[in-house]
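Here is a short set of exercises to work through with the model open beside you. Try each task on your own, then compare your steps with the solution below it.

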Amino acid sequence: MGSISLAVVLAQLLGMAVSGYIVDLLGWHAPFWMGGIIGFVGIVLSLFIYETNEDFQKEPIQLKELVSVMLEPALLKVSFLSILAHGIIFTTMFGFTPAFALKLGLQTDEVSMVIFSFMIPHAIATMLSGKIFVPLFGQWKLLKLAFGLTAIFTVCTPLIDTKGMLFMIQGLNGFSLGTIFPLFLGMAVESIPLEKRATAMGAYQAIYAIGMFAGPFIAGVLISHLGISAGFYFAGSLGLTAVFFMIVWSRQRKATKHNLKLN
């Protein structure tokens, strides 16, 4: 899952970094034309992908089983946290951080440096998350730490008044968020039977898409009334919300284990 996340992050890094230079050289319309061309190339390449025609029997999943997979408590918890995490990243780096950088006085080509400062640590963290940090902290403790740190760095962003500090805070924030997403991909399906994991992953992706839309939408409304700082304070509150719920769930697990021991 870390390798898959790394591939996604590298693609995001390349696209976001190059787009700044394209805008600087060719204007604001150019990235959209470039995106369309890349999409067409993807269509052409997909024509050369073939699935193996293995002869095997597979029963279609029943509606009752589909509902039971979607209501799996572990999947719902991870999906909820992923909504918050995607709300943060789509409000900040994929949303209003470049606008804040321009407001701070950076040029369009310098915005690419902001993106690099976020995405490179983000990519490094995806590689290290499962191999180093999970064995060191455990999954849930790592999530608490990462969400807490990203909440702090996000809230600090609108207080920055220099380029150097902006680059540094974005690097720390990118690293914190980078440890989270590979964890979600694994945790979403680890409690699901093998034959139902594709269904669980589809449900997980459908649910976290709420954060991709709702995060920047709500932040945009707040920014239009209260200024750009409000968007970052809102995104920071999402991180604190995640920490709060994980603390509550942790206490519930401890209480359940204590009751089982007494019984």
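**Exercise 1. Decide whether Thr126 is buried or exposed, and place it in its element.**

Solution. Keep in mind that this is a predicted model.
- Step 1: Thr126 has a relative accessible area of 2%.
- Step 2: The cut-off for buried is under 20%, so Thr126 counts as buried.
- Step 3: The residue sits in helix H5.
- Step 4: For a sense of scale, take Ser237 as a partner: 111 residues separate Thr126 and Ser237 in sequence, and their C-alpha atoms are 23 Å apart in space.

**Exercise 2. Do the same for Gly236, and find what it is in contact with beyond its sequence neighbours.**

Solution.
- Step 1: Gly236 belongs to helix H10.
- Step 2: Its relative accessibility is 0%, so Gly236 is buried.
- Step 3: With neighbours within four places in sequence set aside, Gly236 is in contact with Ala151, Thr154 and Val155.
- Step 4: Look up the buried residues of helix H6, and you will find Ala151 and Thr154 among them.
- Step 5: As a contrast in distance, Gly236 and Ile37 are 36 Å apart, C-alpha to C-alpha, with their positions 199 residues apart in sequence.

**Exercise 3. Compare the spans of H6 and H9 with the expected values.**

Solution.
- Step 1: H6 covers residues 139–156, which makes 18 residues.
- Step 2: From first C-alpha to last, H6 reaches 26 Å, close to the 26 Å expected at 1.5 Å a residue.
- Step 3: H9 has 30 residues and reaches 43 Å, close to the expected 44 Å.
- Step 4: Just after H9 comes Gly227, with a positive phi near 100 degrees.
- Step 5: Check the burial along H9 as well: the buried residues include Tyr204, Tyr208, Gly211 and Gly215.

**Exercise 4. Which residues of the largest nonpolar core touch the most other members?**

Solution.
- Step 1: The core holds 57 residues, and those that touch the most other members are Leu81, Leu143, Phe147, Ile180, Phe184 and Tyr204.
- Step 2: Two or more residues come from each of H1, H4, H5, H6, helix H7 (163–178), H8, H9 and H10.
- Step 3: H4 gives the largest share, 10 residues.
- Step 4: Now zoom in on Leu81. Leaving aside neighbours within four places in sequence, Leu81 is in contact with Trp140, Leu143, Phe147, Phe184, Ala242, Met246 and Trp249.

**Exercise 5. Characterise the largest pocket by volume, lining and residue class.**

Solution.
- Step 1: The volume is about 440 Å³.
- Step 2: The lining has 20 residues, with Met16, Ser19, Pro98, Val111 and Ile115 nearest the centre.
- Step 3: H1 (2–26), H2 (30–46), H4 (73–104) and H5 (108–137) each give two or more residues to this lining.
- Step 4: H1 gives the most, with 7 residues.
- Step 5: By class, the lining of the largest pocket has 13 nonpolar residues, 7 polar and no charged ones.

**Exercise 6. Repeat the analysis for the second largest pocket.**

Solution.
- Step 1: The volume here is about 310 Å³.
- Step 2: The second largest pocket is lined by 17 residues, and Val8, Gln12, His86, Phe181 and Tyr208 are the closest to its centre.
- Step 3: At least two lining residues come from each of H1, H4, H5, H8 (180–187) and H9 (197–226).
- Step 4: H1 supplies the largest share, 5 residues.
- Step 5: This lining divides into 11 nonpolar, 6 polar and no charged residues.

How values were computed
Residues are numbered from 1 along each chain as its sequence is written. This is a predicted model: local features need pLDDT of at least 70, side-chain atom pairs count only at pLDDT 80 or more; totals for chains, interfaces and linings use all residues. Side-chain values use heavy atoms; hydrogens and water are left out. On a 1 Å grid over the protein atoms alone, a cavity is a set of points where a 1.4 Å probe fits but cannot get out, and a pocket is an open set with protein on both sides within 12 Å along at least five of seven lines; lining residues have an atom within 4 Å of a point. Grid points are joined across faces, edges and corners, and a volume is the space filled by probe spheres set on the points. Helices (H or I, at least four residues) and strands (E, at least two) are DSSP runs, numbered from the N terminus. Ala, Val, Leu, Ile, Met, Phe, Trp, Tyr, Cys and Pro count as nonpolar, Asp, Glu, Lys and Arg as charged, and the others, Gly among them, as polar. The expected span of a helix is 1.5 Å times one less than its number of residues. Buried means under 20% relative accessible area, exposed over 50%, partly exposed in between (1.4 Å probe, protein chains only). A nonpolar core is a set of buried Ala, Val, Leu, Ile, Met, Phe, Trp, Tyr and Cys residues joined through side-chain atoms within 4.5 Å. Contact means heavy atoms within 4.5 Å.
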